[in-house]
Amino acid sequence: MTLLDLLFSSQFLANAPSIFFDFIPVAVLFGVLCVLLLIGVPIAFSIGIAAILTIFIDFPIDQAMVLSSQKFANGLDNFGLLALPFFIVAGNLMNRGGLASRLINLAMIFGGKLPGSLSHVNVLANMMFGSLSGSAAASAAAVGGIMKPLQEKYKYPADFSAAVNIASCPTGLLIPPSNILILYALVSTTSVQYLFIAGYIPGILMGLGIMLGIFLLGKRYGIPAQKIVFKEKKRKVILDALPSLSLVIIIMGGILGGIFTATEASAIAVVYSLLLGIAYRELKMKDMLPLLTESVVTTSIVLLMVATSSMMSWAMANADIPGFIANFVLEASTNPIMVMLLMNVILLVVGTFMDMTPAVLIFTPIFLPIAVHLGVDPVHFGIILVFNLCIGICTPPVGTALFVGCSVSGTKLGRVVPKLLPLFAIMIITLGIVTVFPELSLWLPRLAGYQQ
């Protein structure tokens, strides 16, 4: 007997309308999740507990135990997930292997001649290093840590500099290779290679939007207008950075050329990053154990969220929550652009309190069918989803990039957030442009032979 059967059999609820019981799983799922998050339970455990309780409501105890275990295990039974730990290790190797400093030097060549040059260099470096490491937090820490002494030397305002670093560090999550795009591809059964190509223009637009914000806000926030005179020879700087940038060419060229899959590319990225760190003489044997330990911990957290989110996705499907939300959204409007803008608003709110991994795993099965029903391309929708969540990780109360950026810069959250607000506005406008003009995402994939 299920818990719902017990409720039906109780005299107190005997005369309750049946629709009341249809909403009980929905209320338990989201109610328990919200309560657990508010009291500080880690998000993976919050998702898992909410999903298990929802399953126990709809099924007898013995069946519910078996179903919960099966869905938890099946969530990890996917060969494509091997790419995640490999790219996490590769990102940590890049972080310790001296790639960030060389990419910053390269960014100096392009951004050093602009007014407020160090802020522009910060954005460009985050775009390059973030795309290689696949982690916004790692990019904020590595690039922000190197830029801080330079910005202090030239008297850049710490609060706005931290805001620029925080706003620009997620750009690399759209520019491939990207762990979060791999995750979306696995959930949506969309081609990884076309998703990777689709992320280039939106990711670059996000970075250029932040650079435009620096131009518009620099004088107001006291950014020095002088240009930085870079003393090193351009040829040497480019040659030093070329091996790092070659990783993108190797990975994307191999995937697009059919030489290897995204999973195999992640393993190649590990080997290449290791050899590069040794060649740069910045990666020592003593660094390997803490580096691998950190990678194992990060991988464990991500995969635990994948497994528990898989349970939640099944529990939502069983309770017909995606259908309920689809009907609600489609009743609000049948205009594809209006529906997409409404989903953007929901995802922006979700991103403020939920990390990217569980958000992709939970909301892709809900929103993707609606988008496809309205004629939105799955690749385009994936870019919109990730763009939304990139903004979310920069916002309180759960923004990982926000906390890392404030910690690296040594500034207080309350002083940085007001400086971030205008940059958020620019990022949201850029997101709207990407949403309304699908060709910004689909032009490059179609050149590469993509057909829906």
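Start with α9: this helix gives the largest cavity five residues, the largest share of its lining. Note before going on that the model is predicted.

**Stop 1: the cavity**

Select α9 (136-153). Add α10 (158-168) and α21 (400-409) to the selection. Each of these three helices supplies at least two residues of the cavity lining. The cavity you are looking into has a volume of about 130 Å³. Show the side chains of Lys148, Gln151, Ala158, Ser161 and Ser409. Of the 14 residues in the lining, these lie closest to the cavity centre. Now colour the lining by class. You should find six nonpolar residues, six polar ones and two charged ones. How many cavities of 30 Å³ or more does the structure hold? The count is one.

**Stop 2: the loop after α9**

Move to the loop between α9 and α10, and pick Lys155 there. Check its backbone. Phi of Lys155 is near 60°, a positive value, and the residue is not a glycine. Most residues other than glycine have a negative phi. Is Lys155 buried or exposed? Turn on the surface: Lys155 has a relative accessible area of 69%. The residue is exposed because that value is over the 50% cut-off.

**Stop 3: the largest pocket**

Keep α9 selected, since this helix also gives two or more residues to the lining of the largest pocket. The pocket has a volume of about 780 Å³. To find its centre, select Ser135, Ala137, Thr298, Val302 and Asp355. These are the closest to the centre among the 26 lining residues. Then bring in the other helices that give two or more residues to the lining: α6 (83-96), α11 (179-188), α16 (285-318) and α19 (356-373). Colour this lining by class as well. It divides into 14 nonpolar, 10 polar and two charged residues.

**Stop 4: the loop after α11**

From the pocket, follow α11 (179-188), one of its lining helices. Go on into the loop between α11 and α12 (192-198), where Thr189 is found. What is the phi of Thr189? The angle is positive, about 55°, although Thr189 is not a glycine. Look at the surface again. Thr189 has 72% relative accessibility. Thr189 counts as exposed because this value is over 50%.

**Views to save**

Save one view of the cavity, with Lys148 and Ser409 among the residues closest to its centre. Save another of the pocket, with Thr298 and Asp355 among those closest to its centre. Add one for Lys155 in its loop between α9 and α10, and one for Thr189 in the loop between α11 and α12.

How values were computed:
Residues numbered from 1 in each chain as written. Predicted model: local features only at pLDDT ≥ 70, side-chain atom pairs only at ≥ 80, totals over all residues. Heavy atoms only, no water. 1 Å grid on protein atoms, 1.4 Å probe; cavity = no way out; pocket = protein on both sides within 12 Å on 5 of 7 lines; lining within 4 Å. Points joined across faces, edges and corners; volume = space filled by probe spheres on them. Helix = DSSP H or I, 4+ residues; strand = E, 2+ residues; numbered from the N terminus. Nonpolar A, V, L, I, M, F, W, Y, C, P; charged D, E, K, R; others polar. Buried < 20%, exposed > 50% of the residue type's maximum accessible area, 1.4 Å probe, protein only.
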